[in-house]
Amino acid sequence: MRLVFAGTPEPAVPSLRRLIESERHEVVAVVTRPDAVAGRGRKITRSPIGRLADEHGIPVFTPNRPSEPEFVEQLTELAPDCCPVVAYGALLPEKVLSIPRHGWVNLHFSLLPAWRGAAPVQAAILAGDEITGAATFQIEKGLDTGPVFGTMTEKVRVTDTAGILLDRLAESGAHLLESTMDGIEAGALQAIPQSTEGISYAPKIDADTAHIRWDQPALAISRRIRAVTPAPGAWTEIDGKRLKLGPVELVEESLPVSTIDIRKSGVFLGTATTAVRLTEVQPQGKRMMPALDWARGARLQPGTVIG
């Protein structure tokens, strides 16, 4: 099939690469978000999907809005059979959805109808899900409500951060998206309406969600930190300044809530249940470092309260 791929961030790259390498399909163009300022140098940067398309000589379209008349005309002229989508980052209007013969097919990183929305991987970790996965579905007007072509499952490991889990889902999901394109081309795949039960939503993660409050249970704190790692990054406060946090380890002892205990074996912090051991932290203006090095360098006293 003639495909126009829509996507933007790094997790979309395995899917585009797989479709480019496919012998059954031709990626005739790519749609991605406009170049944006990124990095410490604040330079205008091409999206990861845009860069991969450039490497393969594939035309790249970067409309500010996919409803722009010029883009609609360009897509119409390309006459794609199908438009696979992975984390594109913009809503698609109905006049665009109707252009490809087989519509737009989205790879979403959850087992729909669970965790519809912008942050399904983070939501799964935050909720303590043991199993998650990915689904391919037909895009329609509603938010991730379209009928599903296929799914795959992935175990959520106790040490998974959102970044680590998303990397795995991006790779396995690429296989699912390719097989979905194959099935659609062969006429052997029919989308099935989503269940009306088990619907849940995963809104975009913001800085407030990443703020760690130590009066919560240790397990909930651990999940929250892993869910917002690497972005936007978990944080707490000490002396009025933000302190970024890496994943924590659960321990079998108790300390007063929000209180630090510094030992040779590490830096421990009290929660509403048992304590946690800090692994890495990042003070303002510095790099991530071992928590014990930070505590010693900051000359923290036992009993210091943070948060």
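A polar contact is a pair of N or O atoms within 3.5 Å; within protein, one atom must be able to donate a hydrogen and the other to accept it, and residues adjacent in sequence count only if both atoms are side-chain atoms. One such contact runs from the side chain of Ser 98 to the backbone oxygen of Lys 95, at 3.3 Å. The structure is a predicted model, in which local features need pLDDT of at least 70, side-chain atom pairs count only at pLDDT 80 or more, and totals for chains, interfaces and linings use all residues. Residues are numbered from 1 along each chain as its sequence is written, and side-chain values use heavy atoms, with hydrogens and water left out.

**Domains and their interface**

- The protein chain is assigned domain 1 (2-202) and domain 2 (208-305), with bounds that come from an automatic or database domain assignment.
- The centres of domain 1 and domain 2, taken over C-alpha atoms, are 35 Å apart.
- To the contact (heavy atoms within 4.5 Å), domain 1 gives 13 residues and domain 2 gives eight residues.
- The size of an interface is often given as the accessible area lost when the parts come together.
- Here the buried area (the accessible area, with a 1.4 Å probe, that two parts lose on being put together, summed over both) is about 820 Å² between domain 1 and domain 2, with 55% of it on carbon and sulfur atoms.
- Between domain 1 and domain 2 there are zero salt bridges (a side-chain nitrogen of Lys or Arg within 4 Å of a carboxyl oxygen of Asp or Glu).
- Five residue pairs, both residues at pLDDT 80 or more, are in polar contact across the interface of domain 1 and domain 2.
- On the side of domain 1 that touches domain 2, the elements giving two or more residues are α5 (120-127) and α6 (162-186); helices (H or I, at least four residues) and strands (E, at least two) are DSSP runs, numbered from the N terminus.
- Helix α5 supplies the largest share of that side of domain 1, namely four residues.
- That side of domain 1 comprises five nonpolar, five polar and three charged residues, where Ala, Val, Leu, Ile, Met, Phe, Trp, Tyr, Cys and Pro count as nonpolar, Asp, Glu, Lys and Arg as charged, and the others, Gly among them, as polar.

**Two helices and what covers them**

- In helix α1 (residues 13-21), the buried residues (under 20% relative accessible area; exposed is over 50% and partly exposed is in between, with a 1.4 Å probe and protein chains only) are Val 13, Pro 14, Ser 15, Leu 16 and Leu 19.
- These buried residues of α1 pack against β1 (2-7), β2 (26-31), α2 (48-55), β6 (83-86), β7 and α6.
- In helix α7 (residues 218-227), Ala 218, Ile 221, Ser 222, Ile 225, Arg 226 and Ala 227 are buried.
- The elements covering the buried residues of α7 include α5, α6, β10 (234-238), β11 (241-245), β12 (248-250) and β15 (276-278).
- An α-helix has 3.6 residues a turn, so residues three or four places apart point the same way.

**Arg 168 and its surroundings**

- Arg 168 belongs to helix α6 and counts as buried because its relative accessible area is 16%.
- The side chain of Arg 168 reaches the backbone oxygen of Lys 155 at 2.9 Å.
- Leaving out residues up to four places away in sequence, Arg 168 touches Glu 154, Lys 155, Arg 157 and Asp 160.
- The side chains of Arg 168 and Glu 154 form a salt bridge, at 2.8 Å from N to O.
- This pair links distant parts of the chain, with Arg 168 in helix α6 and Glu 154 in strand β9 (residues 148-155), 14 residues apart.
- Glu 154 is likewise buried, at 16% relative accessibility.

**Further salt bridges**

- The count of salt bridges comes to 13.
- Arg 213 and Asp 208 form a salt bridge whose closest N and O atoms are 3.1 Å apart.
- Arg 213 is partly exposed at 37% relative accessibility, and Asp 208 is partly exposed at 48%.
- Glu 253 and Arg 263 meet through their side chains in a salt bridge of 2.6 Å, N to O.
- Glu 253 lies in the loop between β12 and β13 (260-263), and Arg 263 lies in strand β13, ten residues away.
- Glu 253 is partly exposed, with a relative accessible area of 29%, and Arg 263 is partly exposed, with 26%.
- Arg 24, Asp 182 and Glu 185 are joined into one network by salt bridges that share partners.

**The loop at Ser 98**

- Ser 98 is in the loop between α4 (94-97) and β7 (104-108), and Ser 98 counts as exposed because its relative accessibility is 56%.
- Ser 98 and Thr 76 are 22 residues apart along the chain, and their C-alpha atoms are separated by 9.8 Å.
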